[in-house]
Amino acid sequence: GMGEGEGEGEPPVRSGTIHGYAKDGRTQSTLAGVTVTLKVEASGAELDTTTTDGSGNYTLTVPDVTVAVRAEFTKDGYDSKSYGYLYATAQVNATLQPKAPPRVLDPFASGGLDSILLRWRPSRAPDILGYNVYSRGTRITQTPVRSTRLRFSNPWKQDDSAYTVTAVDEAGNESVPSEEVQAEEGAVKVWMNQPTLEADAY
């Protein structure tokens, strides 16, 4: 019958599955069309690959439950995700973060106590919807502005307001903030403090 032969015989190889779902980290909705690839952890050899279905679900077959495996999740427009040292049978749910636009470069602020002009370099990303402007972490643009400059009244009437700019793409993903800039108001003040030369002339 079964199991005779060497007393120290190996148990039969059992197969199992890695299964679960993928979802969008921004909207929390499930993601169809994510490629899920299963590899042997030690060697990187590919064991199985599939795509998440309309409900975001997937199932991959692991031929030997004693072998550690890695599941890799990839989809255009998202950062890839990888989970290692898995043993079948296991549920692995992946949250994929949408790729954000690149950081806005070279912001520059100028102006006085009443109004600030902020400008920055246009984003190179193709699907930019517009830009958000923040002052001390608080957003001061109601909706993303399409231009690469913004003039606004300085709500604090003081010198040390610092501004950052972010880029927003059409999917609603926002870049990390630009470097912080402060309005360079020195020139305005110096000019205001000049003695009037006409008075000195008499």
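This note covers His 19 and its surroundings, then a three-stranded sheet, in a predicted model.

1. **Placement of His 19.** His 19 lies in strand S1, which spans residues 16-24.

2. **Exposure.** Is His 19 buried, exposed or in between? Its relative accessibility is 26%, so His 19 counts as partly exposed. The reason lies in the cut-offs: buried means under 20%, and exposed means over 50%.

3. **Neighbours of His 19.** Leave aside residues up to four places away in sequence. His 19 then touches Tyr 58 and Thr 59. It also touches Thr 89, Ala 90, Gln 91 and Val 92.

4. **A distant partner in sequence.** Asn 93 sits 74 residues from His 19 along the chain. The C-alpha atoms of His 19 and Asn 93 are nevertheless separated by 7.8 Å.

5. **Polar contact.** Which side chain makes a polar contact with the side chain of His 19? It is that of Thr 17, at 3.2 Å.

6. **The sheet.** Turn now to a separate topic. Three strands form an open sheet in the order S9-S10-S13, and the pairing is antiparallel. Strands S9 (108-111) and S13 (149-153) are the edge strands, each pairing on one side only. From one strand to the next, the twist averages 20 degrees.

7. **The S9 and S10 pair.** Strand S10 covers residues 115-119. How many bridges join S9 and S10? The two strands pair over 4 bridges, in the antiparallel sense. Within this part of the model, Ser 110 stands opposite Leu 117 in S10. In general, strands of a sheet pair through backbone hydrogen bonds, either parallel or antiparallel.

Conventions:
Residues numbered from 1 in each chain as written. Predicted model: local features only at pLDDT ≥ 70, side-chain atom pairs only at ≥ 80, totals over all residues. Heavy atoms only, no water. Buried < 20%, exposed > 50% of the residue type's maximum accessible area, 1.4 Å probe, protein only. Contact = heavy atoms within 4.5 Å. Polar contact = N/O pair within 3.5 Å; in protein donor to acceptor, adjacent residues only side chain to side chain. Pairing = 2+ DSSP bridges. Axes fitted to C-alpha atoms, helices over the stretch in contact; angles between N-to-C directions.
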